[in-house]
Amino acid sequence: MARIIYINGDYVAEDQAKVSVFDRGFLFADAIYEVSAVIGGKLVDNDLHLARLERSLNEIFIPMPLQRDEIAQVQRELIARNGLDEGVVYLQVTRGVADRDFGFADDMKPSFIAFTQQKNLVNAASVQNGVAVGIVADSRWARRDIKTTMLLAQVLAKKSVNAGGFHEAWMVEDGFVTEGASSTAFILTGDGVLVTRPNSQAILPGCTRRAVIKIAEDRQLRLEERLFTVEEAFEAAEAFLTSASSLVTPVNRIGDRIIGDGKPGPVTRQLQKIYLELALAD
């Protein structure tokens with residue numbers, strides 16, 4: 001059965017889903033996107049994702065296409081129509097359609113599309129066994145806190161490290177790790193402190209990041225939101241990355257340096273377990 005796509009108020013088969021060549025998302029990457037995980041047919045951390053969607057849209061002066069509860073209903077309808085048990089729901093809002101011009105009218109009507117993707121999240125080999133991450137220079141624009149579809153730097157970063165057998169790229173600016181190409185970076189120091197970069201315009205405010213930080217605080221784990229260098233990451237006792245589609249994924253190697261004993265560490269496993277329990281309980 002053909003996958004059902006939502007596009008500007010209609011649910012259509014994917015081979016019938018069309019957008020204009022004059023859509024500014026296509027011409028300028030003038031668009032915002034979000035991805036929410038689905039486990040057991042239920043959306044995970046979805047309120048956080050919809051809040052971030054609205055914030056990103058506000059930052060680039062695009063109105064919400066629907067109210068948050070209406071967008072959530074679109075997501076649930078897509079899950080039901082596509083029989084999605086595990087995977088993600090992708091949302092994209094563009095500024096709309098107009099003849100190509102850098103300028104834009106203030107009253108443009110945004111375009112809104114959404115679709116599902118079936119993915120193995122909980123039992124993915126990466127989540128269960130851990131991954132290696134490569135190191136690349138961060139060449140992105142300055143407003144990384146806005147979740148735009150302008151992802152060419154991340155695409156090329158992943159391409160460059162994938163060729164070397166790495167699962168993800170950790171990007172570096174001025175000697176400090178910013179974040180992964182599509183994830184948030186965490187390390188656990190040798191003396192048991194969980195470290196991740198604080199939110200700013202330099203990184204995306206991760207929704208899974210926020211959920212994991214709350215778990216760490218509730219369990220009274222030692223936590224520091226601060227910058228850390230590549231060298232500090234090399235010396236970490238444990239490392240992991242987070243995102244909607246990777247949940248909590250152990251990092252066993254950074255560049256050519258094995259982390260810990262090369263296996264997912266106990267703190268990472270604890271956070272994985274609690275995060276999944278909370279996701280399934282919602």
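I take contact to mean heavy atoms within 4.5 Å. The model I examined is a predicted one.

**Entry 1: Gly180**

I looked up the contacts of Gly180 first. Leaving aside residues up to four places away in sequence, I found that Gly180 touches Glu168, Ala169, Trp170 and Met171. I placed Gly180 in strand E9, which covers residues 176-180. Its relative accessibility is 2%. Since the limit for a buried residue is under 20%, I recorded Gly180 as buried. I also checked Gly180 against Val251, which is 71 residues away along the chain, and noted 12 Å between their C-alpha atoms.

**Entry 2: Arg144 and its salt-bridge network**

I turned next to Arg144, in the loop between strand E7 (131-137) and helix H5 (152-162). Arg144 is buried, at 7% relative accessibility. With residues up to four places away in sequence left out, I listed its contacts as Asp138, Glu173, Thr178, Glu179, Gln201, Ala202, Ile203 and Leu204. I then asked which residues are linked with Arg144 in a network of salt bridges. The network also holds Asp138, Arg140, Glu173 and Glu179.

**Entry 3: the six-stranded sheet**

I traced an open sheet of six strands and wrote down its order as E2-E1-E6-E5-E3-E4, with antiparallel pairing. E2 and strand E4 (42-44) are the edge strands; each has a single partner, so one side of each lacks a neighbour in the sheet. Ignoring direction, I noted an average turn of 30° between neighbouring strands of this sheet.

I looked more closely at one pair within the sheet. Strand E1 (residues 4-7) and strand E6 (residues 111-118) run antiparallel and are joined by two bridges. Ile7 stands opposite Ile113 in E6.

I then asked which strands are touched by helix H2 (residues 46-59) as it packs on the sheet. H2 touches strand E3 (31-39), E4 and strand E5 (86-94), and I recorded an angle of about 180° between the directions of H2 and E3. Helix H3 (residues 68-81) packs on the sheet as well, touching E1, E2, E3, E4, E5 and E6. The direction of H3 makes about 40° with that of E6.

**Entry 4: salt bridges**

I recorded 20 salt bridges in the structure and looked up individual pairs.

The side chains of Glu14 and Arg3 form a salt bridge, with an N to O distance of 3.4 Å. Glu14 belongs to the loop between E2 and H1, and Arg3 to the segment before E1, so this pair ties together parts that are 11 residues apart in sequence. Both ends are partly exposed: I noted 39% relative accessibility for Glu14 and 28% for Arg3.

A second pair is Glu59 with Arg143, at 2.9 Å from N to O. I found Glu59 in helix H2 and Arg143 in the loop between E7 and H5, so that distant parts of the chain, 84 residues apart, are linked. Glu59 is partly exposed, with 32% relative accessibility.

For Arg209 and Glu225 I recorded a salt bridge whose closest N and O atoms are 2.6 Å apart. The pair links helix H6 (residues 207-218), which holds Arg209, to strand E12 (residues 223-225), which holds Glu225; the two residues are 16 apart. I asked whether Arg209 is buried or exposed. At 3% relative accessibility, Arg209 is buried, whereas Glu225 is partly exposed at 41%.

**Entry 5: positive phi values**

I checked residues other than glycine with a positive phi. Phe61 has a phi near 65°; I located Phe61 in the loop between H2 and H3. Its relative accessible area is 65%, and I recorded Phe61 as exposed. Asp174 has a phi near 55° and lies in the loop between strand E8 (168-173) and E9. Asp174 is exposed too, at 73% relative accessibility.

**Entry 6: a nonpolar surface patch**

Last, I asked which residues form a nonpolar patch on the surface. I found Val21, Phe22, Phe26 and Val97, with about 410 Å² of accessible area together. Of these I looked up Val21, in the loop between strand E2 (10-13) and helix H1 (24-28). Val21 has a relative accessible area of 52%. Because exposed means over 50%, I entered Val21 as exposed.

Conventions. Residues numbered from 1 in each chain as written. Predicted model: local features only at pLDDT ≥ 70, side-chain atom pairs only at ≥ 80, totals over all residues. Heavy atoms only, no water. Patch = residues over 30% accessible without salt bridge, like charges linked within 9 Å, V, L, I, M, F, W, Y side chains within 5 Å. Areas by Shrake-Rupley, 256 points an atom, 1.4 Å probe, with all protein chains shown as cover. Salt bridge = Lys/Arg side-chain N within 4 Å of Asp/Glu carboxyl O. Helix = DSSP H or I, 4+ residues; strand = E, 2+ residues; numbered from the N terminus. Buried < 20%, exposed > 50% of the residue type's maximum accessible area, 1.4 Å probe, protein only. Pairing = 2+ DSSP bridges. Axes fitted to C-alpha atoms, helices over the stretch in contact; angles between N-to-C directions.
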